[in-house]
Amino acid sequence: MRVLFRSSILFGALSGFVPVAWWRLYVSGTGLLLAVPWYPLLLPLAGSLLLSVRGYLLRGTEGRDEDGRATALLWAVLLLLLPTASFVGMGIHRYKGVELYPGEWSSLLSGVIVLAMVSLAQAVWAGALLLVEGRGAVSMTLVAALLIGTGGMAEFLIGGSTFAAHRTIDNEMLSSDDAWSDLRGEVRDLELPVIGEESVRGVRVLSRGVLLVLADGVLVVDPHSGDELWRYRRPEVETSPQVVASWKGDRVLVEMFLPSDGDGHGPVTVRTTHDSLSGEILHRARDRQSLLEYEPRPERPEEIDAPPLEGEEVVVAQGRRRALSVLGSSSGAPLWDFDRSEECRPGDRGGEPAVNGMVVTDRHVLVLFECEEEEPRSSERARAVLHAFDATSGRLLWTHGSPEPGGAISVSSDGSSLYLYEPTSAAYTTLDTVEGVVIGSGTWAGRRPVEDHWDRVTGSGVLLEEGGVLTLTDAEGRPGPEISPPEPAEGVHERLDVGDRFLHTVRWEEAGRVELTRYAWVDGASTVVPDVLGRRLGPDEHARVLAFPDVVVVYAVQGAQVTSVSLVT
């Protein structure tokens with residue numbers, strides 16, 4: 001009995017520190033930070049405190065509890081730790097059903113597993129001591145069953161977000177190779193996660209990472225090593241999330257739609273803003289707005305009580321009530337509206353304002369409106385007016401008129417220059433986005449912007465094409481270096497990624513192999529990587545390409561699914 005008594009004191013004093021020590025020495029030491037609240041770690045510490053106090057009360061009594069206080073402490077340990085072990089164990093079981101990669105739960109949830117084991121050990125130890133003191137085995141069994149059921153039911157009701165839904169790393173673990181180098185043709189295939197019958201739904205480029213859109217969240221990998229950097233998941237989502245990277249790529253906005261909370265108002269929107277390097281959640285918002293879709297659907301301003309956030313970017317909604325309604329992309333708070341200016345009353349196009357082009361940067365909202373005359377006459381043509389607004393305040397910074405009703409706009413990737421193209425005359429105008437000063441103008445006679453690519457140049461300039469010859473303009477819009485890729489054979493498909501240093505293309509025949517080619521703008525030299533995916537594409541598969549410094553990402557899509565991703569160095 002004396003040995004059991006001393007053992008109980010020692011176990012009670014030390015066991016509660018095991019989860020904290022494991023978390024501090026192992027979990028944090030690996031750089032993996034799991035989104036499990038810190039306060040469950042206090043429960044085993046509370047158990048240790050109760051067991052230690054019991055030992056103190058029984059000192060010098062050889063384990064005899066004269067007034068019942070020591071026994072009450074054992075019941076407290078049982079009532080506290082057994083539901084905890086059940087709750088945590090049920091969460092682990094739930095996560096195993098939605099893990100991204102087979103068998104990862106044991107390493108990813110190691111801290112949670114230790115928490116469950118220590119909680120269970122303390123509860124079992126308290127129960128054993130109660131049995132030694134003569135408590136009935138039948139009553140103990142019934143109480144234990146009730147407590148286990150209570151913990152499991154609590155996890156079922158409130159634990160829907162699932163352990164390890166959020167996983168981040170320390171910034172020091174990121175690779176930092178930002179220099180362009182020769183393309184050697186070395187290929188590394190990523191192992192894509194599969195969730196049920198779903199796989200990856202999209203690929204995005206961040207400042208220093210490749211973001212994979214999952215059926216229930218996002219996963220970011222290092223483009224050089226292929227290692228996972230961070231993830232954020234909500235397995236209870238109803239549809240795939242909407243994901244948008246900030247203009248500079250340093251933040252990621254994730255919008256998810258959760259099942260209705262039972263109030264009859266439909267799905268609930270959860271919007272999170274993450275640091276793109278570490279995955280740290282910078283802000284959370286919960287409302288019923290859909291802001292990150294192609295056509296944002298905000299709530300009425302009077303129904304939104306969220307304050308705007310300092311430094312957040314914006315989303316722009318067009319509609320019948322206002323030509324433009326601008327909201328904070330993270331908070332969802334209404335910031336400003338626009339109906340008309342002195343230079344332009346936006347025309348009507350199917351009940352919405354006639355917008356020929358719009359670009360939203362971290363500093364500006366740039367909109368090319370097709371305008372109506374105050375007293376329209378059939379002989380007059382509508383004209384277009386470019387408006388530049390301060391993104392946060394809505395202050396109209398400058399306008400620039402165009403004699404043509406059509407037109408298109410593009411902005412350099414640093415947001416400093418805007419290119420206005422007028423297709424009828426092939427004229428272009430380059431403007432400084434801060435002051436609206438014209439810094440270049442002329443015509444792209446004979447050349448035309450390359451559809452889907454002219455406005456997506458990484459760096460400055462736009463991509464033009466004439467007779468199969470591709471031209472990159474300089475920062476002011478003047479045609480510059482040219483590249484003449486071989487004419488694709490009949491039945492060959494092609495996709496591009498354009499930068500101001502290199503042009504990357506992928507080509508493939510129907511159900512054929514994919515060929516990657518890099519062209520240097522400086523001299524037109526090319527490097528070819530044949531069969532970059534290492535297999536033939538399926539009948540309905542297509543290839544895509546994204547370029548980083550020192551690495552090129554080539555991936556295949558089939559319908560809404562990404563079927564493979566390869567990193568080429």
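A residue is called buried when its relative accessible area is under 20%. Cys-371, at 3% relative accessibility, therefore counts as buried. This cysteine is a handy starting point for a tour of the structure, which is a predicted model.

Cys-371 has a partner. Its sulfur atom lies 1.9 Å from that of Cys-344, and the two residues form a disulfide. A disulfide is a covalent bond between the sulfur atoms of two cysteines. A search of the whole structure turns up 1 such link. The pair ties together distant parts of the chain, 27 residues apart: Cys-344 sits in the loop between E14 and strand E15 (345-346), while Cys-371 belongs to strand E19 (residues 364-372). The angle about the S-S bond is -100°, and the link of Cys-344 and Cys-371 is left-handed. Cys-344 also counts as buried, because its relative accessibility is 3%.

Stepping back, the whole protein can be described in a few numbers. The chain folds into 7 helices and 36 strands. Of its 569 residues, 48% are buried. The accessible surface comes to about 27000 Å², and carbon and sulfur atoms contribute 53% of that area. Among contacts with a separation of 6 or more, 51% are between residues 24 or more positions apart.

Strand E14, which precedes the loop holding Cys-344, spans residues 334-338 and includes Leu-335. How covered is Leu-335, buried, exposed or partly exposed? Its relative accessibility is 26%, so Leu-335 counts as partly exposed. Beyond its neighbours within four places in sequence, Leu-335 is in contact with Pro-308, Val-314, Val-326, Leu-327, Gly-328, Ala-391 and Thr-392. For one of these residues, Ala-391, the C-alpha atom is 9.0 Å from that of Leu-335, although 56 residues separate the two along the chain.

On the other side of E14 in sequence, the loop between strand E13 (324-328) and E14 contains Ser-329. Ser-329 counts as buried because its relative accessibility is 4%. Setting aside neighbours within four places in sequence, the contacts of Ser-329 are Leu-253, Arg-271, Glu-312, Glu-313, Val-314 and Val-315. Val-314 thus appears in the contact list of Ser-329 and in that of Leu-335.

Another part of the chain offers a hairpin. Strand E6 (residues 217-221) runs antiparallel to E7, and 5 bridges join them. Between E6 and E7 lie 6 residues, and in this turn Gly-226 has a positive phi of about 80°. Within the pair, Val-220 stands opposite Trp-230 in E7. Strand E7 (residues 228-233) is mostly covered, with 5 of its 6 residues buried.

Strand E6 also leads to the largest nonpolar core. In soluble globular proteins, nonpolar side chains tend to be buried together. Here the largest such core holds 21 residues, and Val-553, Tyr-555 and Val-562 touch the most other members. Two or more residues come from each of strand E5 (210-213), E6, strand E34 (541-548), strand E35 (551-558) and strand E36 (561-568). Which element gives the largest share of this core? E35 does, with 4 residues. Tyr-555 shows how one core member is surrounded: apart from neighbours within four places in sequence, Tyr-555 is in contact with Val-203, His-542, Ala-543, Arg-544, Val-545, Leu-546, Val-562, Ser-564 and Val-565.

Definitions and conventions
Residues numbered from 1 in each chain as written. Predicted model: local features only at pLDDT ≥ 70, side-chain atom pairs only at ≥ 80, totals over all residues. Heavy atoms only, no water. Buried < 20%, exposed > 50% of the residue type's maximum accessible area, 1.4 Å probe, protein only. Contact = heavy atoms within 4.5 Å. Areas by Shrake-Rupley, 256 points an atom, 1.4 Å probe, with all protein chains shown as cover. Disulfide = S-S within 2.5 Å. Pairing = 2+ DSSP bridges. Core = buried A, V, L, I, M, F, W, Y, C linked by side-chain atoms within 4.5 Å.
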